Amino acid sequence: MISEPRPDHAVWLDGEFVPFSAATMQISDHHYGVGVFEGVRAYANAEGAVVFRLREHTERLLRSAHILRMGLPQRFDRDHLERVQLELLRRNRLRDAYLRPFVFYSGIAGLAPGTRDLRVRVAVLALEWTAERAGDAEGIAPPMTLRTSSFVRQHPNSVLAKAKANGNYMNGILAREEARECGADDALLLDQDGYVTETSGANVFVVANGALYTPPLTSALAGITRDSVIVLAASFGMSVSERRMTRDELYIADEVFITGTAVEIRPVRSLDGRAIGSAARGPVTERLQRAYADHVRGREVCRHGWLTSV
Ligand code: PMP
């Protein structure tokens with residue numbers, strides 16, 4: 001769980017490290033959801049802390065900005081933004097932490113911001129991460145429930161799913177609130193053809209007959225945890241493939257789990273009130289949860305180059 005920033009915590013804004021209380025925006029910075037961001041985790045380990053897949057997150061931020069035609073000042077390139085994120089963790093003496101780099105426009109953006117000479121601002125917040133539930137700190141979050149949403153996942157040509165863009169999140173927020181009001185932990189969003197895409201903020205995996213399946217990325221974010229799970233599962237010798245799936249394939253799956261930087265890997269015990277498998281953490285999910293936790297915390301030697309020391 002992300003903690004609130006403290007007023008004296010250092011943040012980074014447009015090239016300067018400043019206290020959180022001094023990093024202000026203008027009341028006119030209102031942009032109809034045009035902006036991009038990332039969510040990155042740092043993990044405490046025996047030597048201090050490591051950031052998980054810093055490069056991939058920073059590159060996705062820059063790709064998201066490119067898709068929205070938000071030109072960052074040239075000096076804020078990938079290497080610079082990586083250094084800033086590491087430096088913020090050091091300055092705030094954070095170990096288990098959440099980094100939130102984001103890019104936004106200064107001033108009233110209007111409806112065609114990409115065609116105007118607006119100032120693009122870049123900021124990074126580094127916040128303490130505290131475990132929400134028992135088991136979370138060990139990477140073995142308990143099973144959760146999902147409900148198919150009445151909100152359809154946005155069409156790939158309405159907003160662009162390859163961008164982790166602010167406005168894209170309205171769809172997921174509506175869906176999650178509806179699911180919570182119906183007593184589920186999160187929503188499962190289907191695309192306009194009725195196929196499974198993702199939850200409000202995580203990718204979906206299905207285990208059936210010993211193989212692993214995940215929906216294609218047409219309408220889902222290209223999750224970095226999703227990619228990590230694909231690599232880990234392949235290293236166990238499991239067959240992993242992308243394919244379109246209907247909601248009832250999840251009802252009859254052996255296991256379902258979701259993946260994301262915040263949730264890591266979390267088993268799903270039911271969808272729409274139908275128990276999935278044994279309605280408990282399945283063996284494949286458990287193996288992946290443990291492998292992921294061992295990687296991010298450095299208990300397993302990571303051969304994939306996923307960790308950056310703080
Ligand atoms: N889908 C959505 C909509 C998300 O917001 C996230 C979280 N960033 C994910 C999937 C998972 O992505 P990642 O594993 O990179 O955190």
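## Ligand contacts

In this predicted model, an N or O atom in the side chain of Tyr169 sits 2.4 Å from an oxygen atom of the ligand. Ile224 also approaches a ligand oxygen, but through its backbone: an N or O atom there lies 2.7 Å away. Lys164 pairs with a nitrogen atom of the ligand instead; the distance from a polar side-chain atom of Lys164 is 2.7 Å.

The protein covers 94% of the ligand's accessible area, which is 380 Å² for the ligand on its own. Two elements each give two or more residues to the surrounding shell: helix α4 (224–235) and strand β14 (255–260).

## The shell around the ligand

The ligand is surrounded by 16 residues. Lys164, Tyr169, Glu198, Thr225 and Thr261 are the closest. By residue class, the shell holds eight polar, four charged and four nonpolar residues.

## Overall fold

The protein contains 17 strands and six helices. Its radius of gyration is 19 Å, close to the 19 Å from the globule rule for 310 residues, so the protein is as compact as a globular protein of that length. The C-alpha trace spans about 50 × 45 × 30 Å along its principal axes.

## Packing and surface

Of the 310 residues, 50% count as buried. Contacts reach across the sequence: among those between residues at least 6 apart, 69% join residues at least 24 apart.

The exposed area of the protein is about 14400 Å². Carbon and sulfur atoms supply 50% of that area.

How values were computed
Residues numbered from 1 in each chain as written. Predicted model: local features only at pLDDT ≥ 70, side-chain atom pairs only at ≥ 80, totals over all residues. Heavy atoms only, no water. Near = heavy atom within 4 Å. Polar contact = N/O pair within 3.5 Å; in protein donor to acceptor, adjacent residues only side chain to side chain. Areas by Shrake-Rupley, 256 points an atom, 1.4 Å probe, with all protein chains shown as cover. Helix = DSSP H or I, 4+ residues; strand = E, 2+ residues; numbered from the N terminus. Nonpolar A, V, L, I, M, F, W, Y, C, P; charged D, E, K, R; others polar. Rg over C-alpha atoms; globule rule 2.2 N^0.38 Å. Buried < 20%, exposed > 50% of the residue type's maximum accessible area, 1.4 Å probe, protein only. Contact = heavy atoms within 4.5 Å.
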